[in-house]
Amino acid sequence: MHKLMSGLITCVLLVGCNESDNNQFAASRESIIDKACPQNMTCDFMSAPKDYANPNGEMVDIFYGVHKAEDPANRIGALILNFGGPSAEAVHGAAGMAADNLPQEILDRFDIVGIDPRGTGQSAFARELTQCAVAEKQGSGNCDATYQQVAPYLGSNSVVKDIDRLRQRLGDEKLTFLGYSYGTRLGSLYAHTFPDRVRAIVLDAPMSPTAANNIEIRTGNAAGYEKIADYRLGHNEIRNNRYQNIVNQLFAAPEYNYQASDGVLTSKEGALAMNLTVARESSGDWSYVESGVTSLLDYDRVNSLKWLLSVLSNGYSYNFDSNYEDMLRGNALFKAVVCTDERTPLSDADIEASLDRFVHASSLYGTLTYSQHGNLCKGWTAQRDPVASVVDMDISLRGKQILIIGGQYDPATPYIWAQEMKNSFGDVGSLVTINNHVDHAFSYTGIDCIDQSTTAYLLNPEKRIAEKTCDKAAYRFDYEPTKAQRLPHPTDNVIGW
């Protein structure tokens with residue numbers, strides 16, 4: 001497969017093409033494969049319909065990579081990975097997992113496969129999104145026209161069909177899939193769309209299976225943040241009340257600041273402190289600012305927190321390089337997918353009037369979450385491709401099993417969504433929970449209790465996985481997540497799933 005350009009569009013499909021054009025086209029794709037394919041993988045492009053409603057129309061290139069099963073005689077099939085976002089490429093992420101994280105049993109029995117979703121990595125539309133996002137950042141343009149042209153083909157429904165197309169290309173009768181975060185939307189939608197083609201699907205850190213628009217998703221986030229803040233502050237009512245009082249003053253006109261006994265906390269500093277209060281343990285950010293936050297809440301002293309925030313913010317400054325461009329592209333893709341997927345979009349007036357819904361979900365985090373993320377789909381005019389509500393899956397998947405992994409204190413996909421996903425799959429869903437650990441995406445991150453269940457399920461999905469709760473205190477966490485598993489830092493423009 002690597003270095004073999006299968007699936008090329010031939011002269012029969014191209015008006016006016018000639019042998020020289022084909023050779024140049026093949027050479028370009030060959031060059032991309034040489035540069036972009038990880039050393040432990042073989043890579044290729046898959047041709048897929050730009051618009052699955054018009055399967056005989058324009059085709060686009062989808063990049064994927066395969067780490068071959070190390071015990072081919074006992075190979076089960078391909079394990080396709082997705083790392084969420086929606087903005088994360090998957091080829092390099094899967095290569096990293098194969099190199100550093102997956103157990104030998106999985107490496108022996110499965111080809112480890114990453115497919116760059118549309119708009120990421122080397123796949124279709126990534127270049128267009130990068131160009132418009134950079135222009136928007138530089139003040140020389142925006143992504144409005146690009147969204148009109150490509151967003152209808154970037155949504156989750158299209159990616160799910162790409163995954164099924166790749167399954168067929170790899171020769172598997174049924175799909176084995178491990179999706180993290182937003183990848184759980186893809187996995188659950190795949191089960192909904194192609195129930196007869198499911199072998200095993202792991203939904204790790206699930207999104208809501210029924211949320212109909214960005215506002216429903218983000219109000220869920222706000223409630224989850226408040227639960228984590230309560231945990232981080234020791235379930236201490238006095239601290240919680242003081243935090244609430246500070247937040248009320250930070251976001252109340254006209255001051256937009258909080259006067260402590262030794263200085264002023266600005267609304268910008270307060271927002272960053274609130275984001276860091278719910279930061280993932282794998283980032284180390286909460287441990288860095290914890291003393292400053294508790295000093296403010298316990299003693300009304302702010303200078304320590306202000307200094308810690310300034311140091312941390314400086315440490316996360318960005319240069320305008322390829323990595324920064326990739327972050328901008330990721331933000332543009334995030335918006336495109338979320339807004340394209342909306343099943344019940346709200347009018348601009350309803351979005352503007354949704355603050356009360358956020359505050360109802362969380363008096364502590366509602367206003368901040370609304371201001372940061374509530375307007376994401378305001379003004380959206382591009383064609384949508386709404387995703388289905390994933391419900392009653394025990395009927396269509398009767399006799400199968402879906403493994404769901406959820407964190408009680410997950411800052412990106414709150415635990416209630418894992419419970420909703422379990423309810424959607426009913427008797428065919430098995431829920432494994434991680435408690436007392438603030439993080440996001442858990443399988444193959446050094447939690448033996450989670451890893452053992454995941455491996456057993458992937459090897460034999462017909463054997464029932466017992467539902468259980470794994471407590472963080474019982475395990476050592478010396479795992480460093482791969483780049484693909486790190487979602488944006490709280491100082492970024494978008495906190496993804």
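**Exercise 1. How covered is helix H2?**

Task: In this predicted model, determine how many of the residues of H2 are buried, and find what covers these buried residues.

Solution: Begin with the count, which shows that 7 of the 10 residues of H2 are buried, and the helix is accordingly described as mostly covered. Next, put names to them: the buried residues of H2 are Val91, Gly93, Ala94, Ala95, Gly96, Met97 and Ala98. Finally, look at the surroundings, where the cover over these buried residues includes strand E1 (42–49), strand E2 (59–67), E3, helix H3 (104–109), strand E4 (110–115) and E5.

**Exercise 2. An aromatic pair**

Task: Decide how the rings of phenylalanine 83 and tyrosine 180 are arranged, and locate the two residues in the chain.

Solution: A search of the whole structure gives 7 aromatic pairs. In the pair considered here, the ring centres of phenylalanine 83 and tyrosine 180 are 5.9 Å apart and the ring planes stand at 10°. Because planes under 30 degrees apart count as stacked, this pair is stacked. As for location, phenylalanine 83 sits in the loop between strand E3 (77–82) and helix H2 (91–100), whereas tyrosine 180 belongs to strand E5 (residues 175–180), so that the pair links distant parts of the chain, 97 residues apart. The last step is accessibility: phenylalanine 83 has a relative accessibility of 2% and counts as buried, and tyrosine 180, at 2%, counts as buried too.

**Exercise 3. Two helix pairs**

Task: Classify the packing of H6 against H7 and of H8 against H16, and list the residues that meet in each pair.

Solution: Two packed helices are described by the angle between their axes and the distance between the axes. For helix H6 (residues 156–170) and helix H7 (residues 183–193), the angle is about 70° and the axes are 9 Å apart. Since angles of 65 to 115 degrees count as roughly perpendicular, H6 and H7 are roughly perpendicular to each other. On the H6 side the contact involves Ser156, Asn157, Val159, Val160, Ile163, Asp164 and Arg167, which meet Arg185, Leu186, Leu189, Tyr190 and Thr193 in H7. Sorted by class, this contact has 6 nonpolar, 3 polar and 3 charged residues.

Turn now to helix H8 (residues 214–232) and helix H16 (residues 366–373), whose axes come within 9 Å and cross at roughly 140°. This angle makes H8 oblique to H16. The crossing in which H8 passes H16 is right-handed. Here Asn214, Arg218, Ala222 and Tyr225 in H8 meet Gly366, Thr369 and His373 in H16. The contact of H8 with H16 has, by class, 2 nonpolar, 4 polar and 1 charged residues.

**Exercise 4. The surroundings of tyrosine 258**

Task: Is tyrosine 258 buried or exposed, and which residues is tyrosine 258 in contact with, leaving aside its neighbours within four places in sequence?

Solution: First, place the residue, which lies in strand E7 (residues 257–259). Its relative accessible area is 8%, and because buried means under 20%, tyrosine 258 is buried. With its neighbours within four places in sequence left aside, tyrosine 258 is in contact with Asn245, Ile246, Gln249, Leu250, Gly263, Val264, Leu265, Leu296 and Asp300. Consider also valine 302, which is 44 residues from tyrosine 258 in sequence, while the C-alpha to C-alpha separation of the two in space is 9.4 Å.

**Exercise 5. The whole chain**

Task: How many helices and strands are there in the protein chain, and what percentage of its residues count as buried?

Solution: The protein chain has 19 helices and 11 strands. Of its 497 residues, 55% count as buried.

How values were computed. Residues are numbered from 1 along each chain as its sequence is written. This is a predicted model: local features need pLDDT of at least 70, side-chain atom pairs count only at pLDDT 80 or more; totals for chains, interfaces and linings use all residues. Side-chain values use heavy atoms; hydrogens and water are left out. Axes are lines fitted to C-alpha atoms, for helices over the stretch in contact, and angles run from 0 to 180 degrees between N-to-C directions. Helices (H or I, at least four residues) and strands (E, at least two) are DSSP runs, numbered from the N terminus. Angles under 35 degrees count as roughly parallel, over 145 as roughly antiparallel, 65 to 115 as roughly perpendicular and the rest as oblique. A crossing is left-handed if the near helix is turned anticlockwise from the far one by less than a right angle, and right-handed if clockwise. Contact means heavy atoms within 4.5 Å. Ala, Val, Leu, Ile, Met, Phe, Trp, Tyr, Cys and Pro count as nonpolar, Asp, Glu, Lys and Arg as charged, and the others, Gly among them, as polar. Rings of Phe, Tyr and Trp (its six-membered ring) pair if their centres lie within 6.5 Å; planes under 30 degrees apart count as stacked, over 60 as edge-to-face and the rest as tilted. Buried means under 20% relative accessible area, exposed over 50%, partly exposed in between (1.4 Å probe, protein chains only).
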